[in-house]
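User: I should like to go through this model by question and answer, beginning with a single residue and ending with the whole chain.

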Amino acid sequence: MTVHNPGPRWTGRASNRAQWLLAAAGAACLALGAELAVDNAWTSGYVPLLMAVIGCLAAGLLILFGTIAFVHVAVSVDSEVFEVRCGHMGLPRRRIRLSDVSSAEFVPRITPQQWGGWGYRWRPEKGTAVIVRRGEGVELRLGDGKLFTVTVDDAENAVRVIRTHLRALAR
């Protein structure tokens, strides 16, 4: 095993304030479900009302937690690992060992439309991505040929740091 100098460490973030609007819609669905359950006379029958309450609560939870998880992303690079953490809890998280990376590219413009929306995405012809907003990002080509893309501010410097570490690993 070869020991490498620690080298530079890089951290970056990206956020999407528009997703807070979706989170508010999820909270509204939750409130509607609670309102239906508490304030309804239940005269139209239990089954239709129960279905409406459960539907509103389930939709609200899915929208709320699905959007809050991808309001922002934090990316860090050190001499061994490229790590992506999503949302306030850091989940989902992806750790890629730099020894598994064959190249890193700066992508000046990434859009959610290219990946089918916001969030953690997989497309067979493109690979995997974490998309929280449109703009610049980092694209890693892994040793097995797969791609991993993430939108993050200051992606150009991230690519420089990754390439520095990749050169050190190649020695």
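**Contacts, burial and overall form**

Analyst: Leaving aside residues up to four places away in sequence, S76 touches R9, W10, T11, V81, F82 and E83. The model under discussion is a predicted one.

User: Is S76 buried or exposed, and in which strand is S76 found?
Analyst: Buried means under 20% relative accessible area. S76 has 12% relative accessibility and therefore counts as buried. The strand that holds S76 covers residues 72–77 and is β2.

User: Which backbone nitrogen lies 3.2 Å from a polar atom of the side chain of T151?
Analyst: T151 is found in strand β9, residues 147–151. With a relative accessible area of 0%, T151 is buried. Its contacts beyond four places in sequence include A14, V73, I110, R133 and E136. The backbone nitrogen at 3.2 Å from a polar atom of the T151 side chain is that of V132.

User: Which residues does V84 contact, leaving aside neighbours within four places in sequence?
Analyst: V84 is found in strand β3, residues 81–86. At 1% relative accessibility, V84 counts as buried, because the limit for that class is under 20%. The contacts of V84 are V73, A74, V75, P92, R93, R94, V130, F148 and V150.

User: How far apart in space are the C-alpha atoms of V84 and A168?
Analyst: Along the chain, V84 and A168 are 84 residues apart. The separation of their C-alpha atoms is 22 Å.

User: What is the relative accessible area of I162, and where is I162 placed?
Analyst: The place of I162 is in helix α4. Beyond four places in sequence, I162 touches V77, F82, L98, A104, V138 and L140. I162 is buried, and its relative accessible area is 0%.

User: What is the C-alpha separation of I162 and A74?
Analyst: I162 and A74 are 88 residues apart along the chain. Their C-alpha atoms are separated by 16 Å.

User: How does L30 count in terms of accessibility?
Analyst: L30 is placed in helix α1, residues 19–39. L30 touches C56, L57, G60, L61 and L64, not counting residues up to four places away in sequence. The buried class ends under 20% and the exposed class begins over 50%. L30 has 21% relative accessibility, so L30 counts as partly exposed.

User: How many ångströms separate L30 and R9 in space?
Analyst: In sequence, L30 and R9 are 21 residues apart. From C-alpha to C-alpha, the distance between L30 and R9 is 42 Å.

User: Which residues does L91 touch, not counting those up to four places away in sequence?
Analyst: L91 lies in the loop between β3 and β4, the latter being residues 93–97. At 45% relative accessibility, L91 counts as partly exposed. L91 and G116, which are 25 residues apart in sequence, are 20 Å apart in space, C-alpha to C-alpha. The residues touched by L91 are A69 and C86.

User: What is the phi of D154?
Analyst: D154 is placed in the loop between β9 and α4, the latter being residues 155–170. D154 has a relative accessible area of 36% and is partly exposed. Although D154 is not a glycine, its phi is positive, at about 60°.

User: Which pattern does the protein chain follow along the sequence?
Analyst: The secondary structure of the protein chain comes to four helices and nine strands. Read along the sequence, their order is β-α-α-β-β-β-β-α-β-β-β-β-α.

User: What radius of gyration does the protein chain have?
Analyst: The C-alpha trace of the protein chain spans about 75 × 30 × 25 Å along its principal axes. A compact globule of 171 residues would have a radius of gyration near 16 Å. The protein chain instead has 21 Å.

User: What percentage of the residues of the protein chain count as buried?
Analyst: Among contacts between residues at least 6 apart in sequence, 56% join residues at least 24 apart. The protein chain exposes about 9,800 Å², of which carbon and sulfur atoms supply 60%. Of its 171 residues, the share that count as buried is 39%.

User: How far apart are the mean positions of the positive and negative charges?
Analyst: The protein chain has 20 positive and 14 negative charges. The distance between the mean positions of these two sets is 3 Å.

Terms used. Residues are numbered from 1 along each chain as its sequence is written. This is a predicted model: local features need pLDDT of at least 70, side-chain atom pairs count only at pLDDT 80 or more; totals for chains, interfaces and linings use all residues. Side-chain values use heavy atoms; hydrogens and water are left out. Helices (H or I, at least four residues) and strands (E, at least two) are DSSP runs, numbered from the N terminus. The radius of gyration is taken over C-alpha atoms; the globule rule is 2.2 Å times the number of residues to the power 0.38. Buried means under 20% relative accessible area, exposed over 50%, partly exposed in between (1.4 Å probe, protein chains only). Contact means heavy atoms within 4.5 Å. Accessible areas come from the Shrake-Rupley method with a 1.4 Å probe; for residues, only the protein chains shown count as cover. Lys and Arg count as positive and Asp and Glu as negative; His and the chain ends are not counted. The place of a charge is taken as NZ of Lys, CZ of Arg, CG of Asp or CD of Glu. A polar contact is a pair of N or O atoms within 3.5 Å; within protein, one must be able to donate a hydrogen and the other to accept it, and residues adjacent in sequence count only if both atoms are side-chain atoms.
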